[in-house]
Amino acid sequence: MLEIKNLTRRFGDLTAVDDVSFEVDPGKFTGFVGGNGAGKTTTMRLVMGLLQPNSGEVLWHGAPVTAADRAQFGYMPEERGLYPKQPVRNQLVYLGELHGMPHREAREAAEHLLRRFGLGERMRDKLEKLSLGNQQRVQIAAAVMANPKCLILDEPFSGLDPDAVDEMFTVLSEFTARGVPVLFSSHQLDLVERLCDDIIILAKGRVVANGSVEQLREAGQSQHRIRSEVDLGWLRGFPGVQVLDLDGREAHVAFTDVASEQAVLHEAISRGAVRAFGPTVRPLSEIYREVTR
Ligand SMILES: Nc1ncnc2c1ncn2[C@@H]1O[C@H](COP(=O)(O)OP(=O)(O)OP(=O)(O)O)[C@@H](O)[C@H]1O
């Protein structure tokens, strides 16, 4: 397990990462979400030891992370690490060798990955000759090349079309299935909601929400949709109910307690047939707006 404990990093007067703590559990996809400048990249650089914290620490399996541990992490940096003018396969082989793989093994692993990513025909091409989406695939291949024990990926899915996202996710799932913790940052909330087990939301350098998608939804205000055969105007002013949206026979409401939920249901039935009554699934984008406000 990767633990980020009370990390703080300042740049002059700016506190880019402010007492940030969270965990990335084995075998889990943890999405790291936050607006521009929230501190995601800085946190990832601190995890990788590319920046030093002003305070706080990073633990790997309960002990302070070492250079040897980090050498076994797969990292996809924001600035991307590969050379545009070098052939794709050579770069992956070189990376594998840097991580201690014998040449032959590195070459086999690189070729296997590139074929897997649909780039079998492009192995000898310079990176810059590939489309942006394919360059991104190669960057992901580089991060997973040396059988990483932990993956730290800065915006791995940006610039990928939906099919490519699913393809990359399938590849990364092979690592989580083996217990590898994966932390990835993203601006694409719908994608994070769909792919992640856990989510960390960062705003102005601080963690403002942390948990599974279900936990975040439950922690927020619970909303219900009601559809009736008669007008629902009576909901306005009903005790324990906040009307969020009302359109004749259909309403979105929030209950302040379980008792008011039952009271409204009884009242609705007494006034006419109720066609729908149940909690609505809130999109992550809504929760995000709430916690980053
Ligand atoms: N080396 C640096 N020197 C000075 N300020 C920095 C440095 N690196 C980051 N910052 C500042 O720290 C804050 C957090 O930046 P960071 O890149 O970590 O955010 P982010 O969440 O990754 O944003 P984005 O989604 O835009 O990439 C920003 O205000 C940024 O300008």
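Which domains does the domain assignment of the protein give?

1. The domain assignment gives domain 1, residues 2–211, and domain 2, residues 221–292. The model discussed here is predicted. Between the C-alpha centres of domain 1 and domain 2 there are 41 Å.

2. The two domains touch. Domain 1 puts 9 residues into the contact, and domain 2 puts in 5 residues. On the side of domain 1 that touches domain 2, the elements giving two or more residues are helix α7 (189–195) and the strands β9 (198–203) and β10 (206–212). Of these, α7 gives the most, with 3 residues. Sorted by class, this side of domain 1 has 7 nonpolar residues, 1 polar and 1 charged.

3. For the protein overall, there are 10 helices and 14 strands. Taken along the principal axes, the C-alpha atoms fill a box of roughly 75 × 45 × 30 Å. The protein has 293 residues, and 35% of them count as buried.

4. Contacts can also be sorted by separation along the chain. Among contacts in the protein with a separation of 6 or more, 66% are between residues 24 or more positions apart.

5. The next point is the ligand. Its surroundings are made up of Phe11, Leu14, Ala16, Gly34, Asn36, Gly37, Ala38, Gly39, Lys40, Thr41 and Thr42. Two elements, β2 (14–24) and α1 (40–47), give two or more residues to this shell. The largest share, 3 residues, comes from α1. By class, the shell around the ligand divides into 6 polar residues, 4 nonpolar and 1 charged.

6. Helix α5 covers residues 132–144, and its length can be checked with simple arithmetic. Why should this helix span 18 Å? The helix has 13 residues, and the expected span is 1.5 Å times one less than that number, so 18 Å should separate its ends. In the model, the end C-alpha atoms of α5 are 19 Å apart, which agrees with the expected span.

7. Which residues of α5 are buried? They are Gln136, Arg137, Val138, Ile140, Ala141, Ala142, Ala143 and Val144. The list thus has Arg137 and Gln136 in it as well as residues such as Val138 and Ile140. As for what lies over these buried residues, the cover includes the strands β6 (73–76) and β7 (150–153). Helices are part of the cover too, including α3 (88–98), α4 (103–116) and α6 (162–177).

Key:
Residues are numbered from 1 along each chain as its sequence is written. This is a predicted model: local features need pLDDT of at least 70, side-chain atom pairs count only at pLDDT 80 or more; totals for chains, interfaces and linings use all residues. A residue is near a molecule or strand if its C-beta atom, placed from the backbone, lies within 6 Å of it. Helices (H or I, at least four residues) and strands (E, at least two) are DSSP runs, numbered from the N terminus. Ala, Val, Leu, Ile, Met, Phe, Trp, Tyr, Cys and Pro count as nonpolar, Asp, Glu, Lys and Arg as charged, and the others, Gly among them, as polar. A residue is buried if 20 or more other C-beta atoms lie within 10 Å of its own, exposed if 12 or fewer, and partly exposed in between; C-beta atoms are placed from the backbone. Two residues are in contact if their C-beta atoms, placed from the backbone, lie within 7 Å. Domain bounds come from an automatic or database domain assignment.
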